[in-house]
Amino acid sequence: MQDTQIILIPKPFYKQLREHYPQVANHTLELISRRFSSVMNAMEQALFTPLTGRIMKFLEQNGAQNELKITHEQIANHLGSAREAVSRVLKELENKGAIKQKRGVITLVTSSHI
């Protein structure tokens with residue numbers, strides 16, 4: 001997580017920008033398209049990919065040198081799942097030897113999907 005600043009552009013001003021500068025409209029549509037695609041991808045994964053696979057993929061993509069400082073709650077929020085389900089799967093992965101857990105730190109032992 002990081003601090004973020006937001007700039008709100010009043011609707012009438014944005015409308016004028018969009019009408020006078022087609023690049024603004026194109027850029028806006030491109031942003032919306034990317035975000036929609038990202039949401040659809042997340043929904044597809046949530047519906048069709050088992051939680052174990054989603055967690056392993058998340059750990060592989062976000063771990064620096066196979067280590068990730070993160071809580072079970074934060075993983076659950078990223079994956080759109082319940083913390084209890086994430087904790088259960090992480091314990092199963094630990095029992096299989098795929099990961100090691102310490103308080104607030106998960107170490108990926110193997111990068112293969114289990």
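This report walks through a predicted model, beginning with its small sheet and moving on to the helices around it and a few individual residues.

**The sheet**

Let us begin with the strands. Three of them form an open sheet in the order E1-E3-E2, and the pairing is antiparallel. E1 and E2 (99-102) are the edge strands, each pairing on one side only. From one strand to the next, the twist averages 15°. The antiparallel pairing of E1 with E3 runs over three bridges. If you would like a landmark in the viewer, look for leucine 68, which stands opposite isoleucine 106 in E3.

**Helices on the sheet**

Two helices can be placed relative to these strands. H3 lies across E1, E2 and E3, and its direction is at about 90° to E3. H5 also packs on the sheet, where it touches E2 and E3. The direction of H5 makes about 120° with that of E2.

**Helix H4 and its two faces**

Which residues of helix H4 (residues 72-79) are buried? They are Ile75, Ala76 and Leu79. These three lie on the same side of H4, because they cover an arc of only 100° around its axis. The helical repeat is a handy thing to keep in mind here: an α-helix has 3.6 residues a turn, so residues three or four places apart point the same way. On the face of H4 turned away from the buried side, you will find the exposed residues Asn77 and His78.

What do the buried residues of H4 pack against? Their partners are helix H3 (51-62), helix H5 (83-95) and strand E3 (105-108).

The packing of H3 with H4 can be described in some detail. Their axes are 11 Å apart and meet at an angle of about 105°. Angles of 65 to 115 degrees count as roughly perpendicular, so H3 and H4 are roughly perpendicular to each other. On the H3 side, the residues in contact are Leu51, Arg54, Ile55, Phe58 and Leu59. On the H4 side they are Ile75, His78 and Leu79. His78 thus takes part in this contact, while also being listed among the exposed residues of H4.

**A polar contact with H5**

Serine 87 lies in helix H5. Is serine 87 buried or exposed? Serine 87 counts as buried, because its relative accessibility is 16% and the cut-off for buried is under 20%. The side chain of serine 87 makes a polar contact with the side chain of histidine 72, at 2.6 Å.

**Residues with positive phi**

Backbone angles deserve a look too. Most residues other than glycine have a negative phi. The table gathers three residues with a positive value.

| Residue | Place | Phi |
|---|---|---|
| Glutamine 65 | loop between H3 and E1 (67-69) | near 55° |
| Asparagine 66 | loop between H3 and E1 | near 65° |
| Glycine 80 | just after H4 | about 70° |

Glutamine 65 and asparagine 66 are residues other than glycine. How accessible are they? Glutamine 65 is exposed, with a relative accessible area of 81%. Asparagine 66 counts as partly exposed, because its relative accessibility is 41%. Both of these residues sit in the loop between H3 and E1, whereas glycine 80 comes just after H4.

Definitions and conventions
Residues numbered from 1 in each chain as written. Predicted model: local features only at pLDDT ≥ 70, side-chain atom pairs only at ≥ 80, totals over all residues. Heavy atoms only, no water. Buried < 20%, exposed > 50% of the residue type's maximum accessible area, 1.4 Å probe, protein only. Helix = DSSP H or I, 4+ residues; strand = E, 2+ residues; numbered from the N terminus. Arc of directions from axis to C-beta. Contact = heavy atoms within 4.5 Å. Polar contact = N/O pair within 3.5 Å; in protein donor to acceptor, adjacent residues only side chain to side chain. Pairing = 2+ DSSP bridges. Axes fitted to C-alpha atoms, helices over the stretch in contact; angles between N-to-C directions. Parallel < 35°, antiparallel > 145°, perpendicular 65-115°, else oblique.
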